[in-house]
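Please open the structure in your viewer and keep the selection panel at hand. The tour moves from one selection to the next and says at each stop what can be found there.

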Amino acid sequence: MKSIKLAIHHRAGSFSEQWIAYCREKKIPFKIVNCYHSDIIQQLQDCDALMWHHDFTVYQDLLFAKELLFSIQHSGKKVFPDFHSTWHYDDKIGQKYLLESIGAPVIPTYVFYDKKSALTWIRDVTFPKVFKLKGGSGARNVRLVKNQRQARKLVNRCFGRGFSQYNKFGSIKERIRRFREGKAPFYRILTGIGRVFIVPEKARMVGAEKGYAYFQEFIPNNDYDIRLIVIGDKAYGMKRMNRKNDFRASGSANFVYDPIPPRVLKIAFETSEKLKLQSVAFDFVYDEERNPLIVEISYCFGTKGSSKCPGYWDKDLNWYEGQFDPQGWMVENLIKQ
Ligand SMILES: Nc1ncnc2c1ncn2[C@@H]1O[C@H](COP(=O)(O)OP(=O)(O)O)[C@@H](O)[C@H]1O
Ligand SMILES: [Mg+2]
């Protein structure tokens, strides 16, 4: 392994904690940098690579994380995540075109950029459909549209006042559900209620989401989705069970660690390779013929459930049981890239 010096942007609770631990353990030279400082380019002068787990929930990251990473990549240094891996992060519209362009198995998706086309489309289709905003996680911005009337209402809002980045009442409902299922403490309900009055910083800083309408075919009869993470030539994952009486799995925090079917692994490895992704988390559901369909992709992912996976697969679908270090793989792959 060539000796290179890494720069790591540290954020508590993010991948950087394990990146730093891995570098210390393997004696990989690194320094901590602060990407929010205006002199970040100078900070990187004595480094060969930058790693930054940027996140869509941090409004500053939305402003410049991709731009900074791509600039560093242009200058010839290595970055994680790189352009291929992250331009479509938190952007379901970008992902639609990207996945369609390589013929990946995806849920049929329709996007409209003006009200008239969206309303015309609604008149001729069957329901239910699924409506989404292009960003967000934990199924917060995903809903079932049962009929034409509901669809019309949503479209009017898409091209009217739009959607706030923070769904106050949806959030309280979700906090109550988590409390009831023993997945979150009671005080989280109270902070949710508090947030009706004091909205989170991101919602104050980022404008309403609007100007497009995004619909998908509803894929029925799935009581879970498959979350599959591919990092280079290794993959691991699990089932995420839907919320009670709900078609949505993401954010439910109900994980089941059954083996992943080989054809799901194959699609994930193939797609990751075709798209040159350093790291990718797929969501899969099954169509009525039991073909796996990709719901969405993301370079980063929650570690609460996935860190408990009992092992991983390699590209040839061999299984390796036991503990493993996905963030360590990210560092390792970047260094040998
Ligand atoms: N078109 C669809 N048909 C059926 N279920 C879907 C569809 N789209 C999403 N889901 C379910 O809803 C969940 C959230 O959708 P997703 O697009 O992954 O949003 P998020 O980015 O919030 O995770 C998925 O985990 C899946 O269980
Ligand atoms: Mg998802």
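Begin with the hairpin of strand 12 and strand 13, in which five residues lie between the strands, and select Arg-290, which takes a positive phi near 65 degrees. The model in front of you is a predicted one, and each stop should be read with that in mind.

Extend the selection to the strands themselves, strand 12 covering residues 279-286 and strand 13 covering residues 292-298. The two run antiparallel and are joined by six bridges; to see how residues face each other across the pair, display Phe-284, which stands opposite Ile-294 in strand 13. If you colour strand 13 by accessibility, seven of its seven residues come out as buried, so this strand is largely enclosed by the rest of the structure.

Next, select ligand 2, the magnesium ion, together with Asp-283 and Glu-296, which coordinate the ion through OD and OE respectively, at 2.0 Å. Asp-283 belongs to strand 12 and Glu-296 to strand 13, and the two positions are 13 residues apart in the chain. Both Asp-283 and Glu-296 are buried.

Now turn to the cysteines, for which the count of disulfides is zero. Why does Cys-35 form no such bond? Its sulfur lies 11 Å from the closest cysteine sulfur, that of Cys-47, which is too far for a bond, given that a disulfide requires sulfur atoms within 2.5 Å. Cys-35 counts as buried, because its relative accessibility is 2%. Select Cys-309 as well: the closest cysteine sulfur to its own is in Cys-300, at 16 Å, again too far for a bond, and Cys-309 is likewise buried, with a relative accessible area of 6%.

Finally, step back and colour the chain by its domain assignment, which gives domain 1 (6-80), domain 2 (106-217) and domain 3 (224-336). Hold domain 1 and domain 3 in view, whose centres, taken over C-alpha atoms, are separated by 24 Å. Their contact draws 15 residues from domain 1 and 15 residues from domain 3. Between them these two domains bury about 1,400 Å², and 71% of that area is on carbon and sulfur atoms. As a last selection on the domain 1 side, show Phe-15, Tyr-22 and Phe-80, the residues there that lose the most area to domain 3, together accounting for 47% of what that side buries.

Notes. Residues numbered from 1 in each chain as written. Chains lettered and ligands numbered in written order. Predicted model: local features only at pLDDT ≥ 70, side-chain atom pairs only at ≥ 80, totals over all residues. Heavy atoms only, no water. Donors = N, O, S within 2.8 Å, 3.2 Å for Na, K, Ca; no water. Helix = DSSP H or I, 4+ residues; strand = E, 2+ residues; numbered from the N terminus. Buried < 20%, exposed > 50% of the residue type's maximum accessible area, 1.4 Å probe, protein only. Pairing = 2+ DSSP bridges. Domains from an automatic or database assignment. Contact = heavy atoms within 4.5 Å. Buried area = accessible area lost by both parts, 1.4 Å probe.
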